[in-house]
Amino acid sequence: MTSDVSTSSRDAGADAGWPRWLDADEQRAWRAWLYSNQLLADRLDRELTHGTGISHAYYEILVALSETEGRMMRMSELADRCLSSRSRLSHAVARLEERGWVRRQVCPEDGRGQLAVLTDDGFAALEAAAPVHVESVRRHLFDQLTPEQVAAMRDLGETLLRHLGPR
């Protein structure tokens with residue numbers, strides 16, 4: 001929003017108390033955080049894909065499965081964990097099945113749901129990709145921050161997770 005539009009809109013909204021427009025410092029903080037987050041996600045994805053042939057989205061699926069008992073999870077839970085729609089996750093799992101990294105099986109508890117299961121080959125691919133991913137995260141995020149900034153980032157993230165996370 002331009003300053004002229006936001007100023008006139010701010011004045012009009014002030015009477016009603018809504019919207020609560022961002023001041024200049026909040027606007028700079030918001031845009032810096034949003035844009036840097038987008039740039040970081042793009043850089044991590046490009047480096048991981050270039051170095052391993054695995055997109056960040058696929059990597060997150062493999063990680064999620066690797067962290068569960070039996071390396072398996074209901075497809076619906078996996079979609080929630082990866083912040084993905086069920087159809088998008090189903091498509092991604094199909095691509096991972098083609099690589100032999102994930103297989104689907106019927107959920108034994110109810111026979112209706114499906115489980116995504118990380119195969120040994122999938123776990124090996126994850127193990128091979130992890131050093132590339134971790135080095136990229138370290139180089140582009142943590143090496144740029146002081147210990148105090150890391151602590152503040154953790155505090156900010158935990159605060160937002162408490163507010164936005166699953167209820």
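## Report on a predicted protein model

Thr-68 lies in the loop between H3 and S1. The model that contains this residue is predicted. The side chain of Thr-68 reaches two backbone oxygens, one belonging to Leu-65, at 2.8 Å, and another belonging to Met-72, where a polar atom of the Thr-68 side chain lies 3.0 Å away.

Arg-71 sits in this loop too, between H3 and strand S1 (72-74). Its phi is near 55°, a positive value in a residue other than glycine. How accessible is Arg-71? Its relative accessibility is 25%, and because the partly exposed class runs from 20% to 50%, Arg-71 counts as partly exposed.

**The protein as a whole**

The protein has seven helices and three strands. Read from the N terminus, the order of its elements is α-α-α-β-α-α-β-β-α-α. There are 167 residues in the protein, and 25% of them count as buried. The exposed area of the protein is about 11500 Å², with 55% of it supplied by carbon and sulfur atoms. Taking the contacts between residues at least 6 apart in sequence, 46% join residues that are at least 24 apart.

**Helices that cross**

Two packed helices are described by the angle between their axes and the distance between the axes. Two such pairs, both involving H3, are set out below.

| Helix pair | Axes come within | Crossing angle |
|---|---|---|
| H3 (residues 56-66) and H5 (residues 86-98) | 11 Å | roughly 85° |
| H2 and H3 | 9 Å | roughly 80° |

How are H2 and H3 oriented to each other? With axes that cross at roughly 80°, H2 is roughly perpendicular to H3. On the H2 side, the contact is made by Leu-44, Asp-45, Leu-48 and Thr-49, and on the H3 side by His-56, Ala-57 and Tyr-59. Sorted by class, the residues of this contact are four nonpolar, two polar and one charged.

The axes of H3 and H5 cross at roughly 85°, an angle that falls between 65 and 115 degrees, and therefore these helices are roughly perpendicular to each other. H3 contributes Tyr-58, Ile-61 and Leu-62 to the contact, while H5 contributes Leu-89, Ala-92, Arg-95 and Leu-96. By class, the residues of the contact between H3 and H5 divide into six nonpolar, no polar and one charged.

Ala-92, found in helix H5, can be followed further. Is Ala-92 buried or exposed? Its relative accessible area is 8%, so Ala-92 is buried. When neighbours within four places in sequence are left aside, Ala-92 is in contact with Tyr-58 and Ile-61. Ala-92 and Tyr-58 are 34 residues apart in sequence, yet their C-alpha atoms are 6.9 Å apart in space.

**The loop between H4 and H5**

The loop between H4 and H5 holds Leu-83. Ser-84 is placed there as well, after helix H4 (75-81) and before H5. Leu-83 has a positive phi of about 55° although it is not a glycine. At 80% relative accessibility, Leu-83 counts as exposed. Ser-84, in turn, has a relative accessible area of 18%, which is under the 20% limit, so this residue is buried.

What does Ser-84 touch, apart from its neighbours within four places in sequence? Ser-84 is in contact with Ala-79 and Leu-89. The link to Leu-89 can be described in detail: a polar atom of the Ser-84 side chain lies 3.4 Å from the backbone nitrogen of Leu-89. Leu-89 is also one of the H5 residues that make the contact with H3.

**A contact of helix H2**

Glu-47 is found in helix H2 (residues 24-52). Which residues does Glu-47 touch, not counting those up to four places away in sequence? They are Val-132, Ser-136, Arg-139 and His-140. The C-alpha atoms of Glu-47 and His-133 are separated by 7.8 Å, although the two residues are 86 residues apart along the chain.

How values were computed:
Residues are numbered from 1 along each chain as its sequence is written. This is a predicted model: local features need pLDDT of at least 70, side-chain atom pairs count only at pLDDT 80 or more; totals for chains, interfaces and linings use all residues. Side-chain values use heavy atoms; hydrogens and water are left out. Axes are lines fitted to C-alpha atoms, for helices over the stretch in contact, and angles run from 0 to 180 degrees between N-to-C directions. Helices (H or I, at least four residues) and strands (E, at least two) are DSSP runs, numbered from the N terminus. Angles under 35 degrees count as roughly parallel, over 145 as roughly antiparallel, 65 to 115 as roughly perpendicular and the rest as oblique. Contact means heavy atoms within 4.5 Å. Ala, Val, Leu, Ile, Met, Phe, Trp, Tyr, Cys and Pro count as nonpolar, Asp, Glu, Lys and Arg as charged, and the others, Gly among them, as polar. Buried means under 20% relative accessible area, exposed over 50%, partly exposed in between (1.4 Å probe, protein chains only). Accessible areas come from the Shrake-Rupley method with a 1.4 Å probe; for residues, only the protein chains shown count as cover. A polar contact is a pair of N or O atoms within 3.5 Å; within protein, one must be able to donate a hydrogen and the other to accept it, and residues adjacent in sequence count only if both atoms are side-chain atoms.
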